[in-house]
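User: I'm new to reading protein structures, and I'd like to go through one feature by feature. Could you walk me through it?

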Amino acid sequence: MIDSHIHFWKYNPVEFPWMTDDLSAIAKDMSPEDLFMQLPTRIEGLIAVQARPSWEENEYLNGLAEQHSIIKGIVAWFDFKKDAEMQLEKFKQNKRIKGFRHMLQDEPDPTAYMLNNHQFNLGVEKIQQAELLYGVLIHQKDLDAAVKFSQRHDQYALVIDHLAKPQMYSSDGFSVWKKNMKELAALAHVNCKISGLVTEAGAYCKAQDFQAHLDIALELFGPERLLWGSDWPVSFATHRYDTLLAFWDEWTRNWSDSERKQVETDTPKRLYKL
């Protein structure tokens, strides 16, 4: 099983302003060794994803991948304010880098940024031309723009992180989320990562709180365009790793073995070229 969404960091409050009070439990160094103490044997590979906007982040993750063979790939930070081709030329020399993202959700207006920022859109175009992934990190409120963004950028695969952080415990919110996800699913190059849900739902959430979201994701995208990630250690602020896997087992209890294998292993191996 591939965990397609893992973070590591050396904590510095200036570099991690998103770690607010509800995430105080993880406002400290979180290293591979911290993860390995709770990582079950069924996890055979990890994808390390950027968590701070800096070149140093990429170098840090690359160094960890050199030390630990279980880290199979990196989703690196991309500086959309700088020349895209120059960055890609440098990144091409590193086969561990499988794709890019930046903290899109933290832009002052993510919708306007996706629709109107020329440098960002040019950068994503260049990333896709290089046949590398871009990870779309947004909340549900920006899904309309994400649909238009994904329609524009259809030359290579996109991955929507955390099922677009759906609004929880709202029937109206769920209906809107379902409509937008259906529009995304119509785009064959768009994939979705089942991750980060417990952070959206809170410390006392239960597996059944997300069952409808998982059922819709499978119905719309099929197992070939879904992948699973723990979002450790962000998720560790509220849930242990074994609890996340227990949730996954509960969500997929009625799935076929081939559907589970596809999401757990085959889709991430295809998307990240493992």
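User: Let's start with the strands. How many bridges join β3 to strand β4, and do they run parallel or antiparallel?

Analyst: First, keep in mind that this is a predicted model. Four bridges join β3 to β4 (residues 97-101), and the two strands run parallel. To see one pairing up close, find Trp-77: its bridge partner in β4 is Arg-101. Between the two strands, the chain passes through helix α3 (residues 84-91), making a right-handed β-α-β crossover.

User: Which strand pairs with β3 through Val-75?

Analyst: That's strand β2 (residues 45-49), joined to β3 by four bridges and also running parallel. Val-75 in β3 is the bridge partner of Val-49, and Leu-46 stands opposite Ile-71 in β3. The chain gets from β2 to β3 by way of helix α2 (residues 55-67), and this β-α-β crossover is right-handed.

User: What does β1 do with β2?

Analyst: Strand β1 (residues 2-6) pairs with β2 in the parallel sense, over three bridges. Look for Ile-6, which stands opposite Ala-48 in β2.

User: How do I read burial? Is β2 buried or exposed?

Analyst: The idea is to look at relative accessible area, where under 20% counts as buried. Five of the five residues of β2 are buried, so β2 is largely enclosed by the rest of the structure. Now check each face: Gly-45, Ile-47 and Val-49 lie on one side, Leu-46 and Ala-48 on the other, and all of them are buried. Strand β3 (residues 71-77) is mostly covered as well, with six of its seven residues buried.

User: Okay, helices next. What describes two packed helices?

Analyst: You use the angle between their axes and the distance between the axes. Here, α3 and helix α5 (residues 118-129) pack at about 35°, with their axes 9 Å apart. The crossing of α3 past α5 is right-handed.

User: Which residues meet where α3 and α5 touch?

Analyst: On the α3 side you'll find Ala-84, Glu-85 and Leu-88, and they meet Gly-123, Lys-126 and Ile-127 in α5.

User: Now the charged pairs. How many salt bridges are there?

Analyst: You're looking for a side-chain nitrogen of Lys or Arg within 4 Å of a carboxyl oxygen of Asp or Glu. By that rule the count comes to 17 salt bridges. Try Lys-82 and Asp-79, whose closest N and O atoms are 3.6 Å apart. Asp-79 is buried, at 10% relative accessible area, whereas Lys-82 is partly exposed at 46%.

User: Where do Glu-183 and Lys-179 lie?

Analyst: Both are in helix α7 (residues 171-185), four residues apart, which is about one turn of the helix. They form a salt bridge too, with the closest N and O atoms 3.3 Å apart. Glu-183 counts as partly exposed at 31% relative accessibility, and Lys-179 is partly exposed at 48%.

User: What is the N to O distance between Asp-242 and Arg-240?

Analyst: Their side chains meet in a salt bridge at 3.2 Å. Asp-242 is partly exposed, with 43% relative accessible area, and Arg-240 is partly exposed as well, at 49%.

User: Which residues are linked in a network of salt bridges?

Analyst: Find Arg-42, Asp-249, Arg-260 and Glu-264: salt bridges link them in a network.

Technical notes
Residues are numbered from 1 along each chain as its sequence is written. This is a predicted model: local features need pLDDT of at least 70, side-chain atom pairs count only at pLDDT 80 or more; totals for chains, interfaces and linings use all residues. Side-chain values use heavy atoms; hydrogens and water are left out. Buried means under 20% relative accessible area, exposed over 50%, partly exposed in between (1.4 Å probe, protein chains only). Two strands pair if DSSP finds at least two bridges between them. A crossover is right-handed if, with the strands pointing away from the viewer, the path from the first strand over the helix to the second runs clockwise. Axes are lines fitted to C-alpha atoms, for helices over the stretch in contact, and angles run from 0 to 180 degrees between N-to-C directions. A crossing is left-handed if the near helix is turned anticlockwise from the far one by less than a right angle, and right-handed if clockwise. Contact means heavy atoms within 4.5 Å.
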